[in-house]
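Visitor: I would like to learn how to read a helix and a metal site in a model such as this one. Could you take me through them in turn?

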Amino acid sequence: MKFLFLLLLGISTLFANINLIKKENPDSNTTLLVIGGIHGNEPGGYFAASILATHYTIHSKNLWIVPNLNKPSIMANKRGIHGDMNRKFSVIKKNDKDKKIVETIKKIILEPQVSLVLNLHDGHGFYRKENQGSIFNPNAWGQTCVIDQCKLPTKQPFGDLNIIAETVKQNVNKKLLKKHHSFNVKNTKTKYEDEAMRLSLTYFAVTNNKPAFAIETSKNLSSLTQKVFYQLLAIEEYMKVMDINFTRDFNLNEKEISKIIKNYGTLEINHNILLNLSNIKKSLSYIPIKSKDNDFTFSHPLGSVQKKGGKYIVYIGNKKITTLKPQYFKLSKCCPENYVVEIDKKITFVPKVSYFNVNDDFKIVSENGYRVNIIGFSKKGVKNENGLTIRLKDMNKKYSIDKEAKSYRVEFYDKDKFCSMLVVHFK
Ligand SMILES: [Zn+2]
């Protein structure tokens, strides 16, 4: 399977299974690299990275984003299906299944223009210097800016890790949703005191003279929205430290973040099927695709497909969105780019892969003998549903693609080969 990501903003590069999104300005070598999803069960980090990729514009300097580093573990909603990826940056076994990804992200970190690295996590509890019980204590990780050491040995921009983390912490703490969400700086003093962290991504960066920090929001926050809120708040503070000038197309508050998180965007398959994922049913059957080499293009950076037991499971991050049961077809190469549809008695040209809105009724007016199959409509003895006037009440709700039973598939075939699918949406 081939995965492609269509992003309105920024350039997306797929290298060795890693999706790297670059938002660049020609005037600068200063680059912030944000890495989400090293741990698959920490969605605050990867949903924040994805929003950064799709809802932020960078006006000066550069922002690089890897929204979902450990994609298989994200789909499984597990820390690491092949073990902890964040313990593989010092040595990695030859046959380790994460080897390719780890080596690629190392290369990206070491790119000369990368000036600062953020590794995003959701950690247990709320870090406090004093022990205040099982949730608030020195062993907790939540709500921290993590550094491996106070500063880098050589003098360089952003090398004063502690000063930067303290600045970020102070500014984040001015905007808390609740008082006990306060951020702290956690210095793991990796070189001397933390053997495990010596194997981590940030320590790899730091030992290669790249300023690096982890942002840990708390797993104990009450919602994904709150985790994403704090991740974005902290990332913005790092951008301010780096003098990266940005705007976002929403207000940074729980209500608007929650709305963005629920928007799963679209999935386009083989450039002949378009599905709106935000309101899609849990499973759809008889999806006309090829038996192999299907092309899945998501508008959402966290979109991915897993083939399991002959079905295709569609994910946005760790959220299972829908299951597509395929019916395999060959694709026709001689189909029109537009179809003629009479929508509410008005002739309209509809692009071959799109949604169209209907108030009362519609009629497909296909002239060249393409067979029309409206899924959820049936009339005895009729094989080609071209030229029939159809209303919402003619449709069997069982076959709608959306939960409200308002959207239905209109499929076009060239004899036994599939052309493309339109979706009719009754208002
Ligand atoms: Zn983590």
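Guide: Let us begin with a helix, bearing in mind that this is a predicted model. In helix α8, which spans residues 254–261, the buried residues are I257, S258, I260 and I261.

Visitor: Why do the buried residues of α8 lie on the same side?

Guide: The general idea is that an α-helix has 3.6 residues a turn, so residues three or four places apart point the same way. In this case the buried residues cover an arc of only 160° around the axis, which puts them on the same side of α8.

Visitor: What covers the buried residues of α8, and which exposed residues does the face turned away carry?

Guide: The cover includes α1, α7 (224–241) and β20 (319–328), whereas the face turned away from the buried side carries the exposed residues K255 and K259. At the start of α8, moreover, the backbone nitrogen of K255 has a side-chain oxygen of N253 within 3.3 Å.

Visitor: Turning to the metal, which protein atoms are the donors of the zinc ion?

Guide: The zinc ion has as its protein donors ND1 of H39, two OE atoms of E42 and ND1 of H121, at 2.0 to 2.4 Å. Because the four donor atoms subtend angles of 57 to 155° around the zinc ion, the arrangement is irregular.

Visitor: What spacing do the donors follow along the chain?

Guide: The spacing is H-x2-E-x78-H. H39 lies in the loop between β4 (31–35) and α1 (43–55), and H121 in strand β7 (residues 114–123), so the pair ties together parts that are 82 residues apart in sequence. Both H39 and H121 are buried.

Key. Residues are numbered from 1 along each chain as its sequence is written. This is a predicted model: local features need pLDDT of at least 70, side-chain atom pairs count only at pLDDT 80 or more; totals for chains, interfaces and linings use all residues. Side-chain values use heavy atoms; hydrogens and water are left out. Donors are N, O and S atoms within 2.8 Å of the metal (3.2 Å for Na, K and Ca); water is not among the atoms, so sites may look incomplete. Four donors count as tetrahedral if all angles lie between 85 and 135 degrees; four count as square planar and six as octahedral if opposite donors are over 155 degrees apart and all others between 65 and 115; anything else is irregular. Helices (H or I, at least four residues) and strands (E, at least two) are DSSP runs, numbered from the N terminus. Buried means under 20% relative accessible area, exposed over 50%, partly exposed in between (1.4 Å probe, protein chains only). The arc is that of the directions from the helix axis to the C-beta atoms. Contact means heavy atoms within 4.5 Å. A polar contact is a pair of N or O atoms within 3.5 Å; within protein, one must be able to donate a hydrogen and the other to accept it, and residues adjacent in sequence count only if both atoms are side-chain atoms.
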